[in-house]
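Grab a coffee and work through these exercises with the model open beside you. Try each task before you read its solution.

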Amino acid sequence: MNSQAIPYGKQAITQEDMDAVMDALQSEYLTQGPRIAAFEEAFAGYIGSQYAVAVSNGTAALHLSALALHVQPGDRVITTPITFAATANCIRYCSGEVVFADIDPNTYLLDIESVRKLLQNAPKGTYQGIIPVDFAGRAVDLEKFRKLADEFGLWIIEDACHAPGGYFLDSENTKQYCGNGRFAELAIFSFHPVKHIAAGEGGMITTNDEILYRKLLQLRSHGISRERADYVNSVEFAGGVDEYPAWYMEMQQLGYNYRLTDIQAALGISQLGRADAGLARRRAIAEKYHRAFSGQNYVKGQSGMVEGHAYHLYVMEVSDRLGLYNYLREQRIFTQIHYIPCHLMPYYRNRGWKEGDLPNAESYYRHCISLPMYPSLRDEEQEYVIEKINRFYNG
Ligand SMILES: Cc1ncc(COP(=O)(O)O)c(C=O)c1O
């Protein structure tokens, strides 16, 4: 049974996926072709947003979001330390200042009360935005964050990399899907192979704001517009007579090449078709872990069963985390730690952050471990993981 290593996460590639990629490879377009818009439309439909912009990865999605929202040098943006560094780094790309607020020790998500405290203790205008993260796949209550953000005039970027298909229940008990654009100006996703939808690399930005959408389309491709209505230079300058010539385009702002390829989009579309099945499998795996571990004396906390949780990760807080981690490695079970608190990375320490600044995040880091969680994890593999964990603690 233990011939194959069990990682904490991995992609599942089917024959259908491979056929879709082959079709793209044999088509006229490897990039900038029709599969990009098709992926965007399908993704927006799945998430429930009006618009979606496909980009080269989740980090590019964050960078473009910060640019679209005009993050300026010195702007202060609040986020969680329990996330992948890219969430915070996008603000630094624009020379803004990252202000980390502590997590809620029960949900592991950015604690709204810590954010409120920061906002209330500073003159209005001190902060420009908030980036909550649907960490591990658990949806942030964005209705509450929106209310707070509006009170202080802040924008919100939802980092939903862990949570396509996840949702929270709003004050009227309605499901609000991650990235649906109801509460945040922008939401971002990643299609890295460990995520719900794998495209090799890839990312998406969703929004309901048409102006931001148009801006993002330009920013992802060098800041170039091909929309005649937007043109600044004259028809005459462009070389036309009564209308702009067909070759004409304008670079109107400083953009990047953050495009997704059609090869990746083909894989993304194919994977998206199985997203609901993958999500259901993740929830079934979570339920089994939950049943196996709740009440065990070595467990200090666990993801548990939460409605709308998308279970990108199944996180537990345990005693003797190092011992368990190393023991499982010996059994070829490769768990992972999500995350080393961002504010204590040397880069952010050099910007003034220190141990003790965010006690909940730091305490969480001392105990957390992410168990294998991916749709193709077989029942017997999960049972093996559970058995080994119990054996480590109970002998
Ligand atoms: C929460 C979070 N934000 C952002 C990213 C960045 O995405 P990518 O790896 O596609 O650049 C990741 C992925 O690792 C992530 O987990």
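**Exercise 1: a strand and its two faces**

Which residues of strand 9 lie on one side and which on the other, and are they buried or exposed?

*Solution.* Before we start, a word on what you're looking at: this is a predicted model, where local features need pLDDT of at least 70, side-chain atom pairs count only at pLDDT 80 or more, and totals for chains, interfaces and linings use all residues. Residues are numbered from 1 along each chain as its sequence is written, and side-chain values use heavy atoms, with hydrogens and water left out.

Step 1. Recall the general rule: side chains in a regular strand alternate between the two faces of the sheet.

Step 2. Sort the residues. G203, I205 and T207 sit on one side of strand 9, with M204 and T206 on the other. Helices (H or I, at least four residues) and strands (E, at least two) are DSSP runs, numbered from the N terminus.

Step 3. Check the cover. Both faces are covered, with these residues all buried. Buried means under 20% relative accessible area, exposed is over 50%, and partly exposed falls in between (1.4 Å probe, protein chains only).

Step 4. Conclude. Five of the five residues of strand 9 (residues 203-207) are buried, so the rest of the structure largely encloses this strand.

**Exercise 2: the partners**

Find the strands that pair with strand 9, and give the sense of each pairing.

*Solution.* Step 1. Set the criterion: two strands pair if DSSP finds at least two bridges between them.

Step 2. Take strand 1 (residues 51-55): it pairs with strand 9 in the antiparallel sense, over five bridges. Here Y51 stands opposite T207.

Step 3. Now strand 8 (residues 186-190), which is also antiparallel to strand 9, over four bridges. In this pair S190 faces G203.

**Exercise 3: around the ligand**

Work out which residues come nearest to the ligand, and which polar atoms lie close by.

*Solution.* Step 1. List the neighbours. There are 15 residues around the ligand, and G58, T59, D159, H162 and S190 come nearest. Near here means a heavy atom within 4 Å. Helix 3 (residues 58-68) gives the most to this shell, with three residues.

Step 2. Look for polar contacts, which are pairs of N or O atoms within 3.5 Å; within protein, one must be able to donate a hydrogen and the other to accept it, and residues adjacent in sequence count only if both atoms are side-chain atoms.

- G58 places a backbone N or O atom 2.7 Å from a ligand oxygen.
- D159 has a side-chain N or O atom 2.7 Å from a ligand nitrogen.
- H162 has a side-chain N or O atom 2.8 Å from a ligand oxygen.

Step 3. Ask how covered the ligand is. Taken alone, the ligand exposes 390 Å², and the protein buries 92% of that. These areas come from the Shrake-Rupley method with a 1.4 Å probe.

**Exercise 4: odd spots in the loops**

Compare H70 with A136: what is phi in each, and is each residue buried or partly exposed?

*Solution.* Step 1. H70 isn't a glycine, yet has a positive phi of about 65 degrees. H70 sits in the loop between helix 3 and strand 2 (76-79), and its 49% relative accessibility makes it partly exposed.

Step 2. A136, also not a glycine, has a positive phi near 70 degrees. A136 belongs to the loop between strand 4 (129-131) and helix 6 (142-152). At 4% relative accessibility, A136 counts as buried.
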